[in-house]
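User: Could you walk me through this fold and tell me what stands behind each label?

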Amino acid sequence: MFSFECTYRVRYADIDKMGFMYYGHYARLFEIARVEALRALGVRYRDLEDAGVIMPVRENKSKYLAPAKYDDLLTIKAMIKSMPGRRIVFDYEIANEEKKLIHIGETTLVFLNLSSQRVVECPEMISEVLRPYFPAEND
């Protein structure tokens, strides 16, 4: 399993009238975490796009456990629990400064050839850097 953590401070623009982070912003936190997770592996979205592969979101799941509030420093953990094939699944855990788990989620993205708009296998630039995290799946 591969995991990566990053932080995000809740800004005033993120909250709703009740003082909680607006529910739609959690998907943005997922995107921040997965882009930075891939970057930590040495893979930039820009490089994928330049290679003719895009990664549209196929499915997004969110479960709200407790609210994030203005000025909270959140830790977003992104995990890849299995080697990608034609799709890649990211799991997320978001905790507040007290390390309380406040949100869990999952996104499934597919690998799409930009010109043909057809689903393709995971690009080698991703599978190559993920293989060391999944030794049992490489046999």
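Analyst: Here is how the sheet and one helix get their labels.

This is a predicted model, in which local features need pLDDT of at least 70, side-chain atom pairs count only at pLDDT 80 or more, and totals for chains, interfaces and linings use all residues. Residues are numbered from 1 along each chain as its sequence is written, and side-chain values use heavy atoms, with hydrogens and water left out.

User: How do you know that β3 and β6 pair?

Analyst: Two strands pair if DSSP finds at least two bridges between them. β3 and β6 (residues 101–110) have seven bridges in the antiparallel sense, so they pair. Within this pair, Val 57 has Leu 109 of β6 as its bridge partner.

User: What makes β1 and β3 the edges?

Analyst: The open sheet runs β1-β4-β5-β6-β3, with antiparallel pairing. β1 (2–9) and β3 (57–64) each have a single partner strand, so one side of each lacks a neighbour in the sheet.

User: Why is α1 called a helix?

Analyst: A helix is a DSSP run of H or I with at least four residues, and strands are runs of E with at least two, numbered from the N terminus. α1 has 16 residues, so the helix minimum is met. Its C-alpha span, first to last, is 23 Å, close to the 22 Å expected; the expected span is 1.5 Å times one less than the number of residues.

User: Which residues of α1 are buried?

Analyst: Buried means under 20% relative accessible area (exposed is over 50%, partly exposed in between; 1.4 Å probe, protein chains only). Among the buried residues of α1 are Tyr 26, Leu 29, Phe 30 and Leu 38.
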